[in-house]
Amino acid sequence: MHADPAEVKQTIRRYMMVGAALFAGTVITVAANQVHLAIPLAITVALIIASVKGSMVAGVFMHLSHEKKWIYGALLVTVAFFIVLMFVPLLTVSDTIGRPEHVAAPGHAAPAEHR
Amino acid sequence: MNIPYTVESRPDTGLHNCKLGIWLFLASEVMLFGALFSTYIILRTGAIEWPHGELNVWLGMANTFILIGSSVTMVMAWASLKLNQFDKHKWYLIGTFALAGIFLVNKYFEYADHFTRGEGPWHSTFLAIYFTMTGLHGLHILGGMVVMAYFIGPGKKMWTTKPDQFANRIEATGLYWHFVDLVWIFLFPVLYLL
């Protein structure tokens, strides 16, 4: 094994600090939930805290804060496709087939494209 | 025949096979769980009403603590190898394995409570997506436990013959484990709190 013990010991201190921060973040998430905020605000707060915690796990525990460019490249492509995946639900909003505006009222013909 | 770049880094990527391989696998996992999170968004935004308080927040919080604790012990297992302290490594890995087991036991009690009340995945859209997401996550925990059991048991022999390769394998196991923790960090607020 080739590792500088002093460097590893310093890294271990960082792991412990991040671990403590993750525990604290979990407590804050649950505490914020007990306040009963409005749903949009509650979602925003919970997801911001989760994102901060996730970044700490990825950056420190998974060593992404100092990784090789090939790893960053692979993750960049993944993030791009992940964002596309998260926006797929928007397509269901733009799909109006079967919605009331496309159902013909009595005495009126349905729009031409749906006959 | 020896497989190249199991320990030394490839000159073009600066990475050994194990690391590049596990990261590509994790990229595919991001898409797998991403598809389920996307499904959750569709189901939730399309629902007339969405249940609140159906799940035990305190049990979910306890499981979050357990997984975070297991991530710390996992990264310590790897750091111990870097310090040539195999005994410490072994106990940290056993600790991670035990915490994973406790997580699954908690999950079992949670599931059992739902099923005894007749609240299976068929009961509601919320419970359908809840069981799908946490069930898949639980399978990942189980998979991680199988790998850890191998390195606690028969796989540990490699430390005496090829210590660097063994450390690389533990690092890859750790990356997978932290990813499983990362997924739970998002699952907990999404399913239990919101």
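The following exercises, with worked solutions, concern a predicted model of two protein chains.

In this model, local features need pLDDT of at least 70 and side-chain atom pairs count only at pLDDT 80 or more, while totals for chains, interfaces and linings use all residues. Residues are numbered from 1 along each chain as its sequence is written, chains are lettered from A and ligands numbered from 1 in the order in which they are written, and side-chain values use heavy atoms, with hydrogens and water left out.

**Exercise 1. Describe the secondary structure and burial of chain A.**

Step 1. Helices (H or I, at least four residues) and strands (E, at least two) are DSSP runs, numbered from the N terminus. On this basis chain A has three helices and zero strands, in the order α-α-α from the N terminus.

Step 2. A residue is buried under 20% relative accessible area, exposed over 50% and partly exposed in between (1.4 Å probe, protein chains only). Of the 115 residues in chain A, 29% are buried.

Step 3. The accessible surface (Shrake-Rupley method, 1.4 Å probe; for residues, only the protein chains shown count as cover) is about 7,500 Å² for chain A, with 72% belonging to carbon and sulfur atoms.

**Exercise 2. Characterise chain B in the corresponding terms, adding its extent and charges.**

Step 1. Chain B has six helices and zero strands, and its C-alpha trace spans about 60 × 35 × 25 Å along the principal axes.

Step 2. Buried residues account for 52% of the 194 residues of chain B. Its accessible surface comes to about 8,500 Å², of which carbon and sulfur atoms hold 67%.

Step 3. Contact means heavy atoms within 4.5 Å. Among contacts in chain B between residues at least 6 apart in sequence, 74% join residues at least 24 apart.

Step 4. Lys and Arg count as positive and Asp and Glu as negative, without His and the chain ends; each charge is placed at NZ of Lys, CZ of Arg, CG of Asp or CD of Glu. Chain B carries 12 positive and 12 negative side chains, and the centres of the two sets lie 11 Å apart.

**Exercise 3. Quantify the interface and locate its salt bridge.**

Step 1. In the interface, 54 residues of chain B contact 45 residues of chain A. The buried area (accessible area, 1.4 Å probe, that two parts lose on being put together, summed over both) is about 4,300 Å², and carbon and sulfur atoms give 83% of this area.

Step 2. A salt bridge requires a side-chain nitrogen of Lys or Arg within 4 Å of a carboxyl oxygen of Asp or Glu. One is found across the interface: B:Lys19 pairs with A:Glu67, the closest N and O atoms being 3.0 Å apart.

Step 3. The structure holds six salt bridges over all chains. B:Lys19 lies in helix H1 (residues 17-46) of chain B and A:Glu67 in the loop between helix H2 (39-61) and helix H3 (69-94) of chain A, so this pair joins two chains.

Step 4. Both partners are buried: B:Lys19 has a relative accessible area of 14%, and A:Glu67 has 12%.

**Exercise 4. Analyse two salt bridges within chain B.**

Step 1. B:Glu110 and B:Lys107 form a salt bridge with closest N and O atoms 2.7 Å apart. Because they are three residues apart in helix H3 (residues 86-116) of chain B, about one helical turn separates them.

Step 2. B:Glu110 is buried at 4% relative accessible area, and B:Lys107 is buried at 4%.

Step 3. B:Asp113 forms a salt bridge with B:Arg117, with closest N and O atoms 2.9 Å apart. B:Asp113 is partly exposed at 39%, and B:Arg117 is partly exposed at 47%.

Step 4. Salt bridges with shared partners join A:Glu67, B:Lys19 and B:Glu171 into one network.
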